[in-house]
Amino acid sequence: MFDDRARIVSVAQQEHRQHFPRPGWVEHDPEEIMRNVLLVVRVALDKADLSPAELCALGIANQRETTVLWDRRTGAPVHNAINWQDTRTDRLCRQLAREHGQQMFREKTGLPVTTYFSGPKIRWLLDEIPGLRKRAEAGEVLFGTIDSWLIWNLCNRHVTDVTNASRTLLMNLHTLDWDPDLLAAIGVPAAMLPEIRASSEAYGDAGAPIAGVPVASALGDQHAALVGQTCFDPGEAKCTFGTGSFFVLNTGDRPVSSSSGLLTTLAYKLGSADPAYALEGSIAVTGALVQWFRDNIGLIGSAPEIETLALTVDDNGGCYFVPAFSGLFAPHWRSDARGVIAGLTGYINRGHLARAVLEATAWQTREVVEAMNADYGRPLSALRVDGGMTANNLLMQNLADVLDVPVMRPIVAETVSLGAAYTAGLAVGFWPDMESLKKNWHKAAEWLPSMDGAVRERGYRKWKKAVARTVDWLDDDE
């Protein structure tokens, strides 16, 4: 919860479980997510000693590609939500690319056909659950990303916004509507799809426990962070460092096609104004690698300990860790890749491994920035950062060194939530305009590059050699 100066009034959060029914499969329980949303709303209000009547609007930011199908009549999910990291549609995606060609999808959606996006996940559910396709064609089963699922439960409206719709492989980036050719190619009935709306507008009033509060915005989490960082001018960029990392650069009122492995996507659409577009580089595993290092390997007891361990050595000892747990995302898009640790010698110890884990985030970001510079035509001059990993000062300094640009973190670290609040507040007049939002942005920390250029380029050369060793791991029968 935020006040009119973008100060945090109250925070509540609740983790939900991830389910891994098979290798490469990742699911969430939609009903657990909905219960947790209602719980944190109540807790946040109680902490601030506020009533729902004192809220002017509610905004939603969500993981984008995660796919939910539910029964229109009962509201019950027909299956667990299939998470954005899930790779079960790999064979289907390769089939779609062979049959229709990547170019058709890229021209219409700005996206390649990969396991990342929602459309193939819908198709998989329709193919695998008996009778589901027929019910979907009749409009008895509905699709939504998590924003749609929450709005349905809060307002009984079946809508989504342009940013979430742009991540399905089903929306035409130029018309901002579901594309019949894409629906036919992937095999998704139009009757099950939500109405596409602006990111900032009142969709309806919520029911209990916040009865009467307008639900007035929905954005994918990375688009919300772009707004929360007030990157409203073309050329401004932010990177959110969480479980994965997501680099988004505002390209203004024109979609910029990528020839470097990036995604062309919507940035946001505020009410009736023209949409803003963006280039995005999505990195699947960054913070999740630290969690893996903690939970699966057990070399640290908590995530913050990795910085202490990494500081026991001066460098990575020649060791590089490429965390292609779910394949490689931007700029490579290789679902056949799997993770490697390269450069191991008898010299390597726990500290070197910890360094390599942290540096993996910086090197992956470097790959994305190089692709951004090539596609956009102007080099990055500074980077605004947010997300849990920005608390790691060693990583942030390494990032500035590897990118050779200043890295800045704002005072309000919860930029995803702030972006959702900003767009909801604009929709109901709580904030008058975008300029008023820019005045709320204040720098909390800055890291300046200090690495010798020759050292930086030698490290990047080794990183690229390590990446080359991850690909072509999966066979056709896997």
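Partly exposed, as I use it here, means a relative accessible area between the buried limit, under 20%, and the exposed limit, over 50%. Keep that in mind for what follows. This is a predicted model.

I'll start with the positive charges. Arg458, Arg461, Lys462, Lys465 and Arg469 form a positive patch on the surface. One of these residues, Lys465, sits in helix H16, which covers residues 453-468. Lys465 has a relative accessibility of 42%, so it counts as partly exposed.

Now the negative charges. A surface patch of negative charge brings together Asp472, Asp475, Asp477 and Glu478. Of these, take Asp475, which is found in the segment after H16. Its relative accessible area is 45%, and therefore Asp475 is partly exposed too.

Next, the interior. Is Leu418, in helix H14, buried or exposed? Helix H14 spans residues 415-428, and Leu418 belongs to it. Leu418 is buried, because its relative accessibility is 4%. As for its place relative to Asp147, the two residues are 271 residues apart along the chain, and their C-alpha atoms are separated by 16 Å.

Last, the cysteines. How many disulfides does the structure hold? The count is 0. Cys93 has a relative accessible area of 3%, so this residue is buried. Cys319 is buried as well, because its relative accessible area is 0%.

To recap the charged patches: the positive one includes Lys465, and the negative one includes Asp475. That's what I have; questions are welcome.

Definitions and conventions
Residues are numbered from 1 along each chain as its sequence is written. This is a predicted model: local features need pLDDT of at least 70, side-chain atom pairs count only at pLDDT 80 or more; totals for chains, interfaces and linings use all residues. Side-chain values use heavy atoms; hydrogens and water are left out. Patches are made of residues with over 30% relative accessible area and no salt bridge: like charges are joined within 9 Å, nonpolar side chains (Val, Leu, Ile, Met, Phe, Trp, Tyr) within 5 Å. Accessible areas come from the Shrake-Rupley method with a 1.4 Å probe; for residues, only the protein chains shown count as cover. A salt bridge is a side-chain nitrogen of Lys or Arg within 4 Å of a carboxyl oxygen of Asp or Glu. Lys and Arg count as positive and Asp and Glu as negative; His and the chain ends are not counted. The place of a charge is taken as NZ of Lys, CZ of Arg, CG of Asp or CD of Glu. Helices (H or I, at least four residues) and strands (E, at least two) are DSSP runs, numbered from the N terminus. Buried means under 20% relative accessible area, exposed over 50%, partly exposed in between (1.4 Å probe, protein chains only). A disulfide is a pair of cysteine sulfur atoms within 2.5 Å.
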